[in-house]
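User: I'd like to go through the charged pairs and then the pockets here. Can you take me through them?

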Amino acid sequence: MPYTQEDLQRLFEENTRALVDDLSSNAVLCSIRILDPDGKRLISAARFSSEQSPDMPEMEEAIPVEGTVGGDAVRTGKIQEVPDLAKDHRFSNQKILNAGYTSMMAVAILFLGRPKGVVQIYSKTKEYLFSKKEKRLAETITNNMAAIIVCKEHAEEVERLQKKSFEMEKFGLIGEQAG
């Protein structure tokens, strides 16, 4: 039985929550962004904060790949670590800064070496550098997310092909009745 969009969204949210819960107490906000089909933007897919605050900062719906921390992780396939967001020219979300987040790590979501998206993990600890263990854990969870994204892509393709097949059958039946 294929995953529904709701199943996939739930899996994204569970993985996002797991990252924040399993990383040190310094990681307080995590977001997942999916690479759009043209490879130019990263689209918001899920986020989780360990702080149950009604004023959790909003994330932009989409950010460009070019010139952003998350985009650099996607383009290079390497973890991008930013110990001081306010000093990094690639970061521009003032709402995140105003909410007190000061550091971040962006980890590419890769499937067979091809970029699928990025996980961005934020901390409120000034000048925080994530440990090797935290980086390995983030990479492990992003591997799980890559599989979820590929399942989602395949489910969308199957749905598209089923619709196309149905339309072809419908036109075939109409052609037979007209002939």
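**Salt bridges and pockets**

Analyst: The structure holds seven salt bridges, a salt bridge being a side-chain nitrogen of Lys or Arg within 4 Å of a carboxyl oxygen of Asp or Glu. This is a predicted model, in which local features need pLDDT of at least 70 and side-chain atom pairs count only at pLDDT 80 or more, while totals for chains, interfaces and linings use all residues. Residues are numbered from 1 along each chain as its sequence is written, and side-chain values use heavy atoms, with hydrogens and water left out.

User: Which side chain does glutamate 60 meet in a salt bridge?

Analyst: That of arginine 33, at 3.9 Å from N to O. Glutamate 60 is in the loop between E2 and E3 and arginine 33 in strand E1, so the pair links distant parts of the chain, 27 residues apart. Strands (E, at least two residues) and helices (H or I, at least four) are DSSP runs, numbered from the N terminus.

User: Is arginine 33 buried or exposed?

Analyst: Arginine 33 is buried, with a relative accessible area of 2%. Glutamate 60 counts as partly exposed, at 30%. Buried means under 20% relative accessible area, exposed over 50%, and partly exposed in between (1.4 Å probe, protein chains only).

User: What does arginine 75 pair with?

Analyst: Aspartate 72, with the closest N and O atoms 2.7 Å apart. Both lie in helix H2, three residues apart, about one turn of the helix. Aspartate 72 is buried at 11%, and arginine 75 is partly exposed at 48%. Asp72 and Arg75 are also linked with Asp88 and Arg90 in a network of salt bridges.

User: Now pockets. How much space lies in the largest pocket?

Analyst: About 310 Å³. Of its 14 lining residues, Ile34, Leu35, Asp36, Pro37 and Glu153 are the closest to the centre. On a 1 Å grid over the protein atoms alone, a pocket is an open set of points where a 1.4 Å probe fits, with protein on both sides within 12 Å along at least five of seven lines; lining residues have an atom within 4 Å of a point. Grid points are joined across faces, edges and corners, and a volume is the space filled by probe spheres set on the points.

User: Which element gives the most to that lining?

Analyst: H4, with four residues.

User: And what is the volume of the second largest pocket?

Analyst: About 170 Å³. The second largest pocket is lined by 16 residues, and Glu60 and Arg90 are among those nearest its centre.
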